[in-house]
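Reader: I am new to this structure and would like a close look at a single part of it. Please take one helix, go through its surroundings step by step, and then place it beside other parts of the chain.

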Amino acid sequence: MPANAVIDDPDSRAATNRLLAGLRAGRWRPSAWARFLARACQRSARQAQLRPRAFTEATLLHCVLLTTAPRSGRRWIATSWALSVTHLGMLGPRRSLGAPNVLTLVRANLPASGRRLGRWVGVVALATDLLDGHLARATDSTTSFGAAADSLADAAFWTWYSLHQEPRTGLRVAALTVWAAPVVAVTAASMRQGRIIDPPRPAVIRPAAAMQAIITLRALRRR
């Protein structure tokens, strides 16, 4: 593809809204779901073809992660790969994942590939969370892909970390409320409304960031 080629349909949000609107118009019947999945797969395949470099980078990254993961973690990494390569359209005009998104995907797979880090896995997650955002802003490479991947990586890692490292039931419930519940709620609301619903962004206090620090420090102190 020529370097100055324009990738078709760069507005991934509009494309997703059309898919969700069709699902809602079909009243979420099996036939509507079948059309939704078929059209989503067609678009994902097209966007991956338009970004062979990003597709290759995502595939190679997950292959490397597989070499560091036990057999029990392979499904996690395979799921991460599938989600990554089917949402490359969210990169917009970019053809490469870029370092910020690579860091985000590494964090998302720490539950499978980072178990050897022991008690320091939470510290590594915090570090990559700070670094990927800083790099994206410093290099002016923020994308819808990065924003979505960052949110899902946080939800996946910190839910797993809380359930495996935090003995207090109250903090486990708080972790599920902070990370897992918003993902489920936003997904359900988007399906019901037939368009993407953005989660609210706290202006001053970020409960998720506070929970990250609390759970990580507690894990370090216990060990």
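Author: What follows looks closely at helix α5 and its partner α7, and then turns to a second helix pair and some single residues. The model is predicted.

Helix α5 spans residues 98–108. Which of its residues are buried? They are Gly-98, Pro-100, Asn-101, Thr-104, Leu-105, Arg-107 and Ala-108. These buried residues lie on the same side of α5, because they cover an arc of only 155 degrees around the axis. Several other helices take part in covering the buried residues of α5, including α3 (52–67), α4 (74–85), α6 (110–113), α7 and α8.

Of these covering helices, α7 can be followed in detail. Two packed helices are described by the angle between their axes and the distance between the axes. For α5 and α7, the axes come within 8 Å and cross at roughly 160 degrees. Angles over 145 degrees count as roughly antiparallel, and α5 is therefore roughly antiparallel to α7. Their crossing is left-handed. On the α5 side, the contact is made by Ala-99, Pro-100, Leu-103, Thr-104 and Arg-107. On the α7 side, Ala-125, Thr-128, Asp-129, Leu-131, Asp-132, Leu-135 and Ala-136 take part. Sorted by class, the residues of this contact are seven nonpolar, two polar and three charged. Pro-100, Thr-104 and Arg-107 of α5 belong to this contact, and they are also among the buried residues of that helix.

One residue on the α7 side can be examined singly. Thr-128 is found in helix α7. With a relative accessible area of 9%, Thr-128 falls under the 20% limit and is therefore buried. When its neighbours within four places in sequence are left aside, Thr-128 is in contact with Leu-103 and Arg-107. Leu-103 and Arg-107 are both on the α5 side of the contact between the two helices.

Beyond α7, the chain goes on through a loop to α8. That loop lies between α7 (121–138) and α8 (144–165), and Asp-140 is placed in it. The phi of Asp-140 is positive, about 55 degrees, although Asp-140 is not a glycine. Is Asp-140 buried or exposed? Asp-140 counts as exposed, because its relative accessibility is 67%.

A second helix pair can be set beside the first. The axes of α1 and α2 come within 8 Å and cross at roughly 160 degrees, so α1 is roughly antiparallel to α2. Here α1 passes α2 in a right-handed crossing, whereas the crossing of α5 and α7 is left-handed. From α1, the contact takes in Ser-12, Ala-15, Leu-19, Leu-20 and Leu-23. From α2, the residues are Ala-32, Trp-33, Phe-36, Arg-39, Ala-40 and Arg-43. By class, the contact of α1 with α2 has eight nonpolar residues, one polar and two charged.

The loop between α1 (12–25) and α2 (30–50) holds Trp-28. Its phi is near 60 degrees, a positive value in a residue other than glycine. Trp-28 counts as partly exposed, because its relative accessibility is 36%.

Further along, helix α2 includes Arg-46. At 41% relative accessibility, Arg-46 counts as partly exposed. Arg-46 and Gly-89 are 43 residues apart along the chain, and their C-alpha atoms are separated by 8.6 Å.

Technical notes: Residues numbered from 1 in each chain as written. Predicted model: local features only at pLDDT ≥ 70, side-chain atom pairs only at ≥ 80, totals over all residues. Heavy atoms only, no water. Helix = DSSP H or I, 4+ residues; strand = E, 2+ residues; numbered from the N terminus. Buried < 20%, exposed > 50% of the residue type's maximum accessible area, 1.4 Å probe, protein only. Axes fitted to C-alpha atoms, helices over the stretch in contact; angles between N-to-C directions. Parallel < 35°, antiparallel > 145°, perpendicular 65-115°, else oblique. Left-handed = near helix turned anticlockwise from the far one by under 90°. Contact = heavy atoms within 4.5 Å. Nonpolar A, V, L, I, M, F, W, Y, C, P; charged D, E, K, R; others polar. Arc of directions from axis to C-beta.
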